[in-house]
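Me: I should like to work through this structure by question and answer. Please reason through each reply and end on the value or name requested.

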Amino acid sequence: MNTFEKKVVLVTGSTGGIGQAAAKQFASKGAKVIISGRRKDKGDKVVKDIEDDGGHAFFITMDISDTNSIKQALETAVAKYGKLDVLVANAGREQPTTAAIEQLPDSEVDMIIDTNLKGTYFTIKYALPHMNKPGASVCVVSSLWSLLGGAGLTAYTATKGGINALTKSLAVEQGPAGVRVNCISPGAIETAMLNRFTQGSDMSEYYKANMPLQRAGQAEEVAAAILWISSDDASYITGEILSVDGGVTNKMSTAGM
């Protein structure tokens with residue numbers, strides 16, 4: 001079923017990981033997909049994969065920490081397809097240093113905030129005037145760290161918590177225009193980002209002890225949630241934070257029980 005036929009979808013940060021999986025799934029459902037990121041070689045590879053499977057896509061260079069890059073990319077996208085129906089604000093980056101707030105370099109804090117929070121904010125701000133209203137959908141990608149505390153990740157956690165709050169406010173603000181705004185909050189998902197964070201460690205025992213589903217998730221599982229909440233099947237849902245995390249945010253410690 002081509003649930004996104006005649007729809008134009010922009011997925012930021014779609015040259016790998018969750019964004020790439022979402023872009024491919026949108027294309028498989030009939031959407032014209034705009035791939036975006038900083039690496040043209042990777043973006044062109046995703047476009048080729050989609051076209052080889054019979055889908056429609058093209059790549060635009062976008063660095064969401066640079067507002068001029070965002071504006072130029074959106075102008076290119078709209079010139080290509082004339083509109084936007086769905087925006088998936090997925091682009092972001094992990095915190096390079098895991099450290100207490102006193103030891104975290106100020107330059108890293110600025111970089112994380114400029115990319116994850118301000119980048120998401122300005123992507124949505126400059127995309128909204130081009131979106132096909134009513135009926136447009138914005139899906140923001142957050143993190144389980146927006147809902148849980150964790151030592152050493154204060155800058156990253158703050159940006160993801162801000163994204164959740166932004167989702168709620170935008171849903172109220174944009175609802176009268178017929179724009180739905182929701183957020184997907186992934187847990188431990190097997191991507192290059194997770195591998196960098198865990199440094200290739202065997203996490204199987206950790207997953208068994210802490211996650212009700214006892215495993216990491218796959219990018220395709222998060223992508224499926226992004227597609228559903230962006231689709232007409234979720235037409236009366238807005239302002240929601242949907243966790244896709246194997247149940248970890250629902251689990252209390254059972255140590256000693």
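Me: In what order do the seven strands of the open sheet lie?
Reply: This is a predicted model, in which local features need pLDDT of at least 70 and side-chain atom pairs count only at pLDDT 80 or more, while totals for chains, interfaces and linings use all residues. Residues are numbered from 1 along each chain as its sequence is written, and side-chain values use heavy atoms, with hydrogens and water left out. Strands (E, at least two residues) and helices (H or I, at least four) are DSSP runs numbered from the N terminus, and two strands pair if DSSP finds at least two bridges between them. The pairing here is parallel, and the order is 3-2-1-4-5-6-7.

Me: Which strands are the edge strands?
Reply: An edge strand of this sheet pairs on one side only. That holds for strand 3 and for strand 7, residues 241–244.

Me: Which residue in strand 3 stands opposite Ile34?
Reply: Strand 2 (residues 32–37) and strand 3 (residues 56–61) run parallel and are joined by six bridges. Opposite Ile34 stands Phe58.

Me: What is the handedness of the crossover from strand 2 to strand 3?
Reply: Between strand 2 and strand 3 the chain passes through helix 2, residues 40–52. A crossover is right-handed if, with the strands pointing away from the viewer, the path from the first strand over the helix to the second runs clockwise. This β-α-β crossover is right-handed.

Me: Which helix gives the most to the largest nonpolar core?
Reply: A nonpolar core is a set of buried (under 20% relative accessible area, 1.4 Å probe, protein chains only; exposed is over 50%, partly exposed in between) Ala, Val, Leu, Ile, Met, Phe, Trp, Tyr and Cys residues joined through side-chain atoms within 4.5 Å. The largest has 31 residues, and Val33 and Ile226 are among those with the most contacts inside it. Seven of its residues come from the leading contributor, helix 8.

Me: Is Asp85, the salt-bridge partner of Lys83, buried or exposed?
Reply: A salt bridge is a side-chain nitrogen of Lys or Arg within 4 Å of a carboxyl oxygen of Asp or Glu. The closest N and O atoms of Lys83 and Asp85 are 3.1 Å apart. Lys83 is partly exposed at 24% relative accessible area. Asp85, at 4% relative accessibility, counts as buried.
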